[in-house]
Amino acid sequence: MSDITIYHNPDCGTSRNTLALIRASGIAPTVIEYLKTPPDRETLKALIARMGMHVRDVLRVKGTPYKELGLDAVHWSDDELIDQMLAHPILINRPIVVSPLGVRLCRPSDMVIELLPQRPAGEIRKEDGTPLLVDTPIAGSDTGLITALQEAGLPSDDLTEPGRSFFAYSTVTGERVGYGGFERMGRDVLVRSLVVLPNARQRGIGGGIVALLLRRAFDEGGRDAWLLTTTAAPFFERAGFKPVERTSAPASVLATRQAASLCPASAALLRRPIYL
């Protein structure tokens, strides 16, 4: 039996990509199609606990009876939510991967790289042709980050101030393709400093960076993402952001240096909820 198990939904692109990435690393995982063979209560509770997630964070909303059942109401206890997940397995978000290195809800599918004992030997592409990305935390003083932002005409004056998280992004072969970061103020997150390097453009990498960046923000407690842009609104709208008036933003977001001084008043403000 394999040391890696995936709770898989073959109708889900993210789940299919995750399974393909595991197999591309030379591993034949145990595949559990959980809609056909749902986990029992104790197994589900143990998976959620090992992921270090709240029960509500493992609920899937899209394509499920979540809204019809009223599961967005705050009165549901964890045990009651698990009852609903057992009664309607489609409510269990996917894919969940179990390995000796940990347990993860692998959304986006790039997250599975942390659970593999060895990385694939060559560049791996997802079903849509975009490459698997690996993110690495970096300091705001990272010279590559500073240079990339300056060459892209993006603000770089406040990178080393407290409360900022930055990442460098590479393919599994080690090719550096971009940078991104965020500032978190409780549940609100200001996405910032996102740049795709010139050699990596027109390859769908920007969307992959956004997905990984929002996942890292989610894991830190962020649930609403905000950003300011003068030129990239169409790109971010394709990533699920919607234009909003500045008056709708919380004071903590408007008080950031990006919003208060570094970005021009003409910059568009966009927002999207962060969910898995």
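The following exchange examines how the features of this predicted model are identified.

User: What makes domain 1 and domain 2 separate units here, and where are their bounds?

Analyst: Domain 1 spans 5-115 and domain 2 spans 133-273. These bounds come from an automatic or database domain assignment, and the C-alpha centres of the two domains lie 27 Å apart.

User: How do you know that domain 1 and domain 2 are in contact?

Analyst: Contact requires heavy atoms within 4.5 Å. Ten residues of domain 1 meet that condition with ten residues of domain 2. Together the domains bury about 800 Å², of which 51% is on carbon and sulfur atoms. On the domain 1 side, Pro108, Asp110 and Met111 lose the most area to domain 2, together 43% of what that side buries.

User: Why is the pairing of Asp219 and Arg104 called a salt bridge?

Analyst: The rule asks for a side-chain nitrogen of Lys or Arg within 4 Å of a carboxyl oxygen of Asp or Glu. The N to O distance between the side chains of Arg104 and Asp219 is 3.2 Å, so the pair satisfies the rule. Across the interface of domain 1 and domain 2, three salt bridges are found. Six residue pairs in polar contact are also counted between the two domains, both residues being at pLDDT 80 or more.

User: What makes Arg104 and Glu114 a salt bridge, and where do the two residues lie?

Analyst: Their closest N and O atoms are 3.1 Å apart, and the limit is 4 Å, so this pair qualifies as well. Arg104 belongs to strand β4, whereas Glu114 is in the loop between β4 and β5, ten residues away. The count by this rule comes to 21 salt bridges.

User: How do you know which strands are the edges of the sheet ordered β2-β1-β3-β4?

Analyst: An edge strand pairs on one side only, as do β2 (30-33) and β4. This open sheet has four strands and mixed pairing, with a twist that averages 15 degrees from one strand to the next.

User: What makes β1 and β2 a pair?

Analyst: Pairing requires at least two bridges between the strands. Four bridges join β1 (residues 5-8) to β2, and the two run parallel, so the condition is met. Within this pair, Ile6 has Val31 of β2 as its bridge partner. Helix α1 (residues 13-24) lies across β1, β2 and β3 and runs at about 160 degrees to β1.

User: Why is the pairing in the sheet ordered β5-β6-β7-β8-β9-β11-β10 called mixed?

Analyst: Strands of a sheet can pair either parallel or antiparallel, which is why both senses need to be examined. Strand β8 (residues 188-196) is joined to β9 (residues 224-229) by three bridges in the parallel sense, and Leu190 stands opposite Trp226 in β9. In contrast, β9 and β11 pair in the antiparallel sense over six bridges, with Thr229 opposite Ala268 in β11. Strands β10 and β11 are likewise antiparallel, over three bridges; there, Pro243 has Leu270 as its partner in β11. The seven-stranded open sheet is accordingly described as mixed. Its edge strands are β5 (133-138) and β10 (242-244), and neighbouring strands are turned by 35 degrees against each other on average, direction ignored.

User: Which helices lie against this sheet, and how are they directed?

Analyst: Helix α4 (residues 143-151) touches β5, β6 (164-171), β7 (176-185) and β8, and its direction makes about 80 degrees with that of β8. Helix α5 (residues 205-219) lies across β5, β6, β7, β8, β9 and β11 (268-273), at about 150 degrees to β8.

User: What makes the peptide bonds before Pro95 and Pro108 noteworthy?

Analyst: Most peptide bonds are trans. The bond joining Arg94 and Pro95, however, is cis, with omega about -5 degrees, and that joining Arg107 and Pro108 is also cis, with omega about 0 degrees. Pro95 lies in the loop between α3 (78-87) and β3 (96-99), while Pro108 is in the loop between β4 (102-105) and β5.

User: Why is Ser193 singled out for its phi?

Analyst: Most residues other than glycine have a negative phi, so a positive value is an exception to that pattern. Ser193 is not a glycine, yet its phi is about 55 degrees. This residue is found in strand β8.

Methods:
Residues are numbered from 1 along each chain as its sequence is written. This is a predicted model: local features need pLDDT of at least 70, side-chain atom pairs count only at pLDDT 80 or more; totals for chains, interfaces and linings use all residues. Side-chain values use heavy atoms; hydrogens and water are left out. Axes are lines fitted to C-alpha atoms, for helices over the stretch in contact, and angles run from 0 to 180 degrees between N-to-C directions. Buried area is the accessible area (1.4 Å probe) that two parts lose on being put together, summed over both. A polar contact is a pair of N or O atoms within 3.5 Å; within protein, one must be able to donate a hydrogen and the other to accept it, and residues adjacent in sequence count only if both atoms are side-chain atoms.
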